[in-house]
Amino acid sequence: MCGIVGYIGTRDAFPIIIKGLKRLEYRGYDSAGIALLNGDMTVFKKAGKVSELEKIVIPGETIANIGIGHTRWATHGEPNDRNAHPHLSQSGNLAIIHNGIIENYSSIKEELSKRGYVFHSDTDTEVLVNLIEEVQKTEKTTLDNAVRIALNEVVGAYAIVVLNKNNPDQLVAARKGSPMVIGIGEDDFFIASDASPIIEYTKNVVYLDDQEYAVINRNGTYSIRTLGNVEKSHAIQKLEFSLEAIEKGGFEHFMLKEIYEQPKAIEDALRGRMNASQGWIKLGGLNEFINRIDNAGRFIVTACGTSWHSGLIGEYLIEDLARVPVEVEYASEFRYRNPIINEKDVVIAISQSGETADTLAAIELAKERQALVYGICNVIGSSIARTSHAGSYTHAGPEIGVASTKAFSTQISLLTLIALQLAQVKGTIATSKLREILYELENIPRKIEETLLLDAQIKEIAAIYKDATNFLYLGRGYNFPVALEGALKLKEISYIHAEGYPAAEMKHGPIALIDENMPVVFLATNQSAYEKIVSNVQEVKARKGKIIAVIHKSDTQIRELADHIIEVPETEEILSPLITIVPLQLLAYHIAILRGCNVDQPRNLAKSVTVE
Ligand code: G6P
């Protein structure tokens with residue numbers, strides 16, 4: 001949700017900021033802008049992607065070694081040039097970039113208007129920069145102090161960086177509810193929403209905590225204080241990923257690269273955490289709180305989007321294997337519906353980015369009510385990872401395509417380990433069965449590689465259905481959440497309306513939609529309830545729906561009924577989502593490409609949703 005970049009040092013700031021913004025475009029791409037200081041304040045901003053901004057930049061006017069840049073996901077004000085960041089204060093002395101929402105902006109705007117401020121955009125951000133300027137003027141104080149005072153008056157979420165024409169040797173940055181990393185170079189500093197714009201220059205970073213602000217000076221010093229004005233010192237952390245991990249590596253799109261990375265991502269997620277031949281599972285986070293987790297009355301899984309779908313699979317796994325009740329909640333609903341939570345509950349919060357505002361708020365609620373919070377996150381050092389009591393990283397590596405793929409499969413891999421370890425502790429699984437599943441889990445990456453070989457065949461199916469206006473995805477049991485996720489993938493990137501449904505529920509509604517124009521994707525790899533799925537396929541066939549069936553090689557009946565079959569390797573039923581999701585990711589990808597859509601940056605979406 002908006003990407004921000006800042007630079008101060010000895011290098012040419014413009015290319016660093018532009019490159020950084022391109023890396024952060026997954027966070028929003030409604031408009032982009034940059035402000036540079038070189039005696040004067042130079043601002044360029046433009047609706048659309050960073051590439052549009054580059055087109056309007058005047059060569060020769062970008063020479064500076066301090067600057068800030070922004071790529072926007074619009075909240076207040078439509079995505080046009082006027083509303084693009086950076087925004088200037090009334091005097092033109094201050095420029096600000098902002099990620100988040102200032103909730104009480106209208107009352108502040110009214111007050112500032114009375115004092116003669118005139119606004120040139122519809123944004124809450126312009127209100128904030130003028131509030132800072134007003135504080136600076138009335139309190140006759142330094143910029144950093146004015147930022148602190150102003151932020152204490154503000155309600156909402158933000159990550160901001162402020163540039164001051166009168167002080168070209170300093171940047172002031174602050175955060176609350178939106179991420180911010182400071183990269184510490186040899187003689188320069190980098191500020192960004194995540195580490196991807198920084199990794200090329202330095203591996204040393206400091207993560208700003210909520211309600212903190214940083215003053216970053218050209219002389220190589222920086223200081224961090226809370227908004228309550230208490231000095232803080234954060235340990236410098238080393239970035240673990242490489243530049244390679246955030247580049248396309250020969251693939252045309254990040255999404256395709258990330259689909260193909262799944263075998264390795266799952267291996268990384270499992271590495272050191274299990275051993276099939278010795279029959280052990282060791283999740284550090286789980287071990288630390290094992291008594292409390294073992295005694296939990298129930299688990300509540302909370303998440304959004306794709307992570308919520310993996311949570312549903314987690315429910316099936318934990319109830320099936322460890323025999324503990326599980327509830328799965330959309331974080332946005334959970335936090336506002338006054339749920340019953342107590343100290344015997346364990347809340348599992350799942351999030352690729354670790355920054356999703358609704359999930360973070362759900363965690364806060366769970367913590368207030370004394371539940372133990374277990375975070376499953378991909379981004380190391382992210383807010384959810386830091387605020388959870390315990391947890392596990394998925395280790396999928398950076399996921400840049402807006403449509404989540406490898407994060408989903410690694411989340412399921414971890415949930416499988418959690419369910420198995422719990423089952424082992426509770427004695428609800430026989431040792432021989434546990435070993436069998438662990439062996440099979442070790443085989444999953446190889447089986448996904450086998451599934452990826454179906455790419456060309458799936459592309460052919462995509463070409464047949466690329467102009468469909470609706471799609472139905474049906475599955476039962478462990479394949480029901482996969483149907484939901486398959487439909488979400490198609491919707492997100494191809495803009496075709498798609499619905500996922502439990503196969504047996506079809507007859508209670510969606511069946512009315514079926515005619516010869518309706519493609520229906522069946523996930524039909526279940527060993528249990530196979531005959532029931534055959535009946536569901538028959539029901540669609542009888543109404544002339546077009547059937548695309550994901551089946552096992554050993555399937556006998558559905559292959560005869562389907563218009564197209566996708567044969568995937570067999571595995572334990574509880575692990576089948578890890579395989580069956582792969583053809584659905586590829587189908588969505590190819591359909592989107594054939595329709596000319598931008599798969600990595602689908603319209604209106606952003607990868608990290610840091611607003612409610
Ligand atoms: C956005 C993304 C989705 C993601 C969801 C939850 O909507 O576009 O791909 O599943 O947020 O994000 P999280 O980072 O919490 O998993």
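This briefing covers the ligand site, two helix pairs and two backbone features. The model is predicted. The ligand has 14 residues around it, and the protein buries 91% of the 380 Å² that the ligand exposes when taken alone. Both helix pairs described below cross obliquely: α16 with α20, and α4 with α5.

**Ligand shell**

- Of the 14 residues around the ligand, five come nearest: S307, S351, Q352, S353 and T356.
- By class, the shell holds eight polar residues, four nonpolar residues and two charged residues.
- Helix α10, spanning residues 305-322, gives the most to this shell, with three residues.

**Polar contacts to the ligand**

- The side chain of S307 places an N or O atom 2.6 Å from an oxygen atom of the ligand.
- The side chain of S351 also has an N or O atom 2.6 Å from a ligand oxygen.
- Q352 uses its backbone: an N or O atom there lies 2.7 Å from an oxygen atom of the ligand.
- Taken alone, the ligand exposes 380 Å², and 91% of that is buried by the protein.

**Helices α16 and α20**

- Helix α16 covers residues 455-465, and helix α20 covers residues 576-594.
- Their axes come within 8 Å and cross at roughly 50 degrees.
- An angle from 35 to 65 degrees falls outside the parallel and perpendicular ranges, so α16 is oblique to α20.
- The crossing of α16 past α20 is right-handed.

**Helices α4 and α5**

- Helix α4 runs over residues 124-139, and helix α5 over residues 143-152.
- The two pack at an angle of about 120 degrees, with their axes 8 Å apart.
- Roughly perpendicular ends at 115 degrees and roughly antiparallel begins over 145, so α4 and α5 are oblique to each other.
- The crossing of α4 and α5 is right-handed.

**Backbone features**

- Most peptide bonds are trans, and most residues other than glycine have a negative phi.
- The bond joining H85 and P86 is a cis peptide bond, with omega about 0 degrees.
- P86 sits in the loop between strands β4 (66-72) and β5 (87-88).
- N229 is not a glycine, yet its phi is positive, at about 75 degrees.
- N229 belongs to the loop between strands β13 (222-226) and β14 (231-232).

Note on methods: Residues numbered from 1 in each chain as written. Predicted model: local features only at pLDDT ≥ 70, side-chain atom pairs only at ≥ 80, totals over all residues. Heavy atoms only, no water. Near = heavy atom within 4 Å. Polar contact = N/O pair within 3.5 Å; in protein donor to acceptor, adjacent residues only side chain to side chain. Areas by Shrake-Rupley, 256 points an atom, 1.4 Å probe, with all protein chains shown as cover. Helix = DSSP H or I, 4+ residues; strand = E, 2+ residues; numbered from the N terminus. Nonpolar A, V, L, I, M, F, W, Y, C, P; charged D, E, K, R; others polar. Axes fitted to C-alpha atoms, helices over the stretch in contact; angles between N-to-C directions. Left-handed = near helix turned anticlockwise from the far one by under 90°.
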